[in-house]
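Dear colleague,

I am passing on the structure below for you to look through. My notes come after it, with the cut-offs given where each term appears.

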Amino acid sequence: MRRIALASATLLFLSALGVGTLVSMLFGGRGLAGTTVPAALILLAGVFLAGVLAVTMRRVGGSLGDVVEAANRVASGDYAARVAEHGPPSLRTVGRAFNSMAVKLESQDRQRRQLMADIAHELRTPLTVIQGRIEGLLDGVYPRDDAQLGKALAETRMLARLVDDLRTLAHAESGTLVMQKEPTDVAALASEVVDTFSAEARSRQVSLRLDAPHDLALVTVDPLRLREILMNLLSNALHHTPANGRISIELNTSRDQVVVTVADTGTGIAPEDLPKIFDRFYKGTTSRGSGLGLAIARNLVTAHGGEIKAESQPGRGTAITFSLQTGD
């Protein structure tokens, strides 16, 4: 700023000197006092321009100084730093953009901290169970038989599934998830998923039905990822549907899309919880999962260029609908 001020002052001085010289030439040709008037004009012009320059530099320098100070605070990890939006219009725009950036950085830092806490909590539970069971086996609290080893193995599988879910979610959110798309018969794939859950549905006394048109077009998707979406949605539906309830998967075509709806007659979702169900690690009061299934489903649908939404009424059930493009 000092260099800019010095250069500006030099330019203004030279400009005033040039104007004074021009006036001197004009008045000198008419026989007026040769140098007295031009010298006074030069002095007055210099004082006036210096004052304007000082005020302008103070306004600009003050605004830029605030931005630099706030930027240093953000660089040191203080994301609550803000700048006052004052000064010339261009600097007010810079201040507004800086404040918007600081708000986003603060939000992302808060989400990162919350994510780390959630991951630590979710990993701690199965690890604590496994550790306690193994210690019980070593201390003779539990008999060393296949039943106890099977329980420990179930916990390790749950832990492995949680790690796989975290990896899938991380790749999906960062845009690095590899998709192996190919023409897929969505109806056949959905039928296989229904067969996978049919035994569990019978044990829970829940009816499971698939409705799909016979002429459904092939959809270019990653079949493994689509299977994961359907399995997450069906698993959630089964866990929240009481005995004698119903779960249905409906496939329909709409223009160049295939629309899939997974509906149940379960407990439903409270209105205040509905906008949050696709957030990672968000769990309702009756949820027993990791809170990652719907977040993964949303990211996988988005990776396919589709959309997903949920509708629910407490006590009457939930319907989750997602769409997939039928073309490449």
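The notes below go from the whole chain to one helix and then to some salt bridges.

This is a predicted model, in which local features need pLDDT of at least 70 and side-chain atom pairs count only at pLDDT 80 or more, while totals for chains, interfaces and linings use all residues. Residues are numbered from 1 along each chain as its sequence is written, and side-chain values use heavy atoms, with hydrogens and water left out.

The protein chain has seven helices and seven strands, these being DSSP runs numbered from the N terminus (helices H or I, at least four residues; strands E, at least two), and along the sequence their pattern is α-α-α-α-β-α-β-β-α-β-β-α-β-β. Of the 328 residues in the protein chain, 32% are buried, where buried means under 20% relative accessible area, exposed over 50% and partly exposed in between (1.4 Å probe, protein chains only). Among contacts (heavy atoms within 4.5 Å) between residues at least 6 apart in sequence, 67% join residues at least 24 apart.

Helix H5 covers residues 186-203 and reaches 26 Å from its first C-alpha to its last, close to the 26 Å expected at 1.5 Å a residue, the expected span being 1.5 Å times one less than the number of residues. H5 nevertheless has a kink of about 45° centred on Phe197, the bend at a residue being the angle between axes fitted to the seven residues ending there and the seven starting there. Phe197 is also one of the buried residues of H5, which include Val186, Leu189 and Val193, and the buried residues of this helix pack against strands E1, E2, E3 and E4 as well as helix H6. At the start of H5, a side-chain oxygen of Asp185 comes within 3.1 Å of the backbone nitrogen of Ala187, and just after the helix Gln205 takes a positive phi of about 60°.

The structure holds seven salt bridges, each a side-chain nitrogen of Lys or Arg within 4 Å of a carboxyl oxygen of Asp or Glu. One of them joins Arg204 and Glu200 (3.3 Å, N to O); Arg204 is partly exposed at 30% relative accessibility, as is Glu200 at 29%. Another joins Asp279 to Arg298, with the closest N and O atoms 4.0 Å apart. Because Asp279 lies in the loop between strand E5 and helix H7, and Arg298 in helix H7, this pair ties together parts that are 19 residues apart in sequence.

With best regards

Conventions
A polar contact is a pair of N or O atoms within 3.5 Å; within protein, one must be able to donate a hydrogen and the other to accept it, and residues adjacent in sequence count only if both atoms are side-chain atoms.
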